[in-house]
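Reader: Please take one part of this model and look at it closely, then follow the contacts and charged pairs that lead on from there. A plain account will do.

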Amino acid sequence: MKRLVIEGQHELSGTIKIGGAKNSVVALIPAAILAEDEATIYNVPAISDVQNLKEITEYLGSDITYQNETIKINNKNSQNREITKEFSTKLRASYYYMGAFLAKYRHVEISFPGGCNIGSRPIDFHLKGFAKMGAKIKQDGDKYIIDAKKLRGAEIFLDVASVGATLNIMLAAIKAEGTTSIYNAAMEPEIVNVAAFLNSMGAKVRGAGTSEIKIKGVSKLGKGIVEVIPDRIEAGTYLMIGSLLGKNLVIEGIIKEHLESVLTKLHEAGADFEIKGTKIIVNKTKKLKPVNVRTLVYPGFPTDLGQPMSTLLTQCDGESLFEETIYENRMRHIKHLNSMGADIKLFDKKAIIRGKTTLKGREVIATDLRAGAAMLVAGMIAEGTTIITNIEHILRGYEKLVGKLSSVGAVIKIDEV
Ligand code: EPU
């Protein structure tokens, strides 16, 4: 078992370079099987989700190399094989093989995906979208068998602007007959990144990044090439850590527009940072003001940064309100924050956070990926030593975590016990 051991309260200075976005690359690798020949993906982050998708790609018979942050996939020998439970449950994003296989083979066999336990996370919008395009879906326990003799363009309205459903329907529609329109589409930057990749292969996706996406089916796709956008969640997490411990800490390689809601909230709290092009220079803020944070779909405050932000709120002088609106179960970190000395009252998906409280190092659990990020921020600012268990969750989303933080002055290591 791996544990993260952090000695808190060390000042951080130097530069942290942001890697490629997890939630982009986990869709780009499954999308790459649509390239008739080679696909190249640059700026690939070194996270365990990528490793798992590499294994799935190999299992499917494609050649894949991963060197110098670049993945090259050649699909000459790829086959349509069942994505068994063993593979599908390793990560949430295995479900993108549904859309990609439907487009490529018109037949998919796959087990229900894995991912963080942060709520019920159904995939009904994905399946309804496929059905609207003419696919027949059978469910046998946890396994889905999806067939489509023909896939036709369709008008699809999403009840919720779901990232996964938008991407999966986009993938399925790439080679469908006619045009598919997705209304109330998710607008996250990761959607734009995947659309750009598909268009580089010759697909015709328009409107990605807005709430209305149109996909005109094409009969053939060619080579694909794309660079993964910077991980706005990784950047946001380090920005929060920098607001608490930074001394001219530089967060490098960001796209400011992707972080607007987070920067606005930190500014409102009085955080000391300056943006210079693709860099943010951040300093420890003497006195942080309390703020109210409500997670929303993009361009709102991202649910994936809600948990680390709640740790920052324990350091604001006064009462902050934190509300999670996307998932039912993203508050499991609160009791661990309280065990470290935070003063947080939880009311279902809302929390009242009273600060400023001194956090004390102790053993806590990363109950899911972003809960782990919340514990990481807490451990970095706590008195004494914090031990975080279940860190496999954290390593799914934060590349070279120990190396990046140690290089700027943190005292942090991974222990194997
Ligand atoms: N939903 C449904 N039915 C569906 C699809 C979604 O009810 O068919 C609900 C979900 O239960 C949730 C809401 O709609 O309440 C939004 O879910 P969405 O589909 O947008 O989330 P996702 O695609 O499963 C991706 C990221 C998440 C991130 C969300 C929101 C991946 C692999 N995962 O999940 O990332 O929180 O979008 O931005 O891209 C993380 O990185 O920690 C993480 C959980």
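Author: In this predicted model, helix 10 is largely enclosed by the rest of the structure, because 11 of its 11 residues are buried. The buried residues of helix 10 include Thr303, Asp304, Leu305, Gly306 and Gln307, and the list goes on with Pro308, Met309, Ser310, Thr311, Leu312 and Leu313.

One of these residues, aspartate 304, takes part in a salt bridge. Its partner is arginine 330, and the closest N and O atoms are 2.7 Å apart. The two residues belong to distant parts of the chain, 26 residues apart: aspartate 304 sits in helix 10 (residues 303–313), whereas arginine 330 is in the loop between strand 18 (318–323) and helix 11 (334–339). Aspartate 304 has a relative accessible area of 14%, and because buried means under 20%, it counts as buried. Arginine 330 is also buried, with a relative accessible area of 4%. Elsewhere, Arg3, Lys413 and Asp415 are joined into one network by salt bridges that share partners.

Across the whole structure, a search finds 23 salt bridges. Another of them pairs arginine 396 with aspartate 49, with 3.1 Å between the closest N and O atoms. Arginine 396 lies in the loop between helix 13 (392–395) and helix 14 (401–406), and aspartate 49 lies in helix 2 (residues 48–59), so this pair ties together parts that are 347 residues apart in sequence. Arginine 396 is buried at a relative accessible area of 11%, and aspartate 49 is buried at 2%.

A further salt bridge joins the side chains of glutamate 190 and arginine 232, at 3.0 Å from N to O. Here both residues lie in helices: glutamate 190 in helix 7 (residues 189–200) and arginine 232 in helix 8 (residues 232–245), so the pair ties together parts that are 42 residues apart in sequence. Glutamate 190 has a relative accessibility of 5% and counts as buried. Arginine 232 is buried as well, with a relative accessible area of 10%.

Arg3, named above as a member of a salt-bridge network, is also among the residues touched by threonine 389. Threonine 389 is placed in strand 22 (residues 385–389). Leaving aside residues up to four places away in sequence, threonine 389 touches Met1, Lys2 and Arg3, together with Glu363, Val364, Ile365 and Ala366. Threonine 389 counts as buried, at 7% relative accessibility.

The packing of one pair of helices can be described in similar detail. Two packed helices are described by the angle between their axes and the distance between the axes. The axes of helix 5 (residues 124–132) and helix 6 (residues 163–173) come within 8 Å and cross at roughly 25°. Angles under 35 degrees count as roughly parallel, and helix 5 and helix 6 are therefore roughly parallel to each other. Their crossing is right-handed. On the side of helix 5, the contact is made by Phe125, His126, Gly129 and Phe130. Helix 6 contributes Gly164, Ala165, Asn168, Ile169 and Ala172. The residues of this contact divide into 5 nonpolar and 4 polar, with no charged residue among them.

How values were computed: Residues numbered from 1 in each chain as written. Predicted model: local features only at pLDDT ≥ 70, side-chain atom pairs only at ≥ 80, totals over all residues. Heavy atoms only, no water. Helix = DSSP H or I, 4+ residues; strand = E, 2+ residues; numbered from the N terminus. Buried < 20%, exposed > 50% of the residue type's maximum accessible area, 1.4 Å probe, protein only. Contact = heavy atoms within 4.5 Å. Axes fitted to C-alpha atoms, helices over the stretch in contact; angles between N-to-C directions. Parallel < 35°, antiparallel > 145°, perpendicular 65-115°, else oblique. Left-handed = near helix turned anticlockwise from the far one by under 90°. Nonpolar A, V, L, I, M, F, W, Y, C, P; charged D, E, K, R; others polar. Salt bridge = Lys/Arg side-chain N within 4 Å of Asp/Glu carboxyl O.
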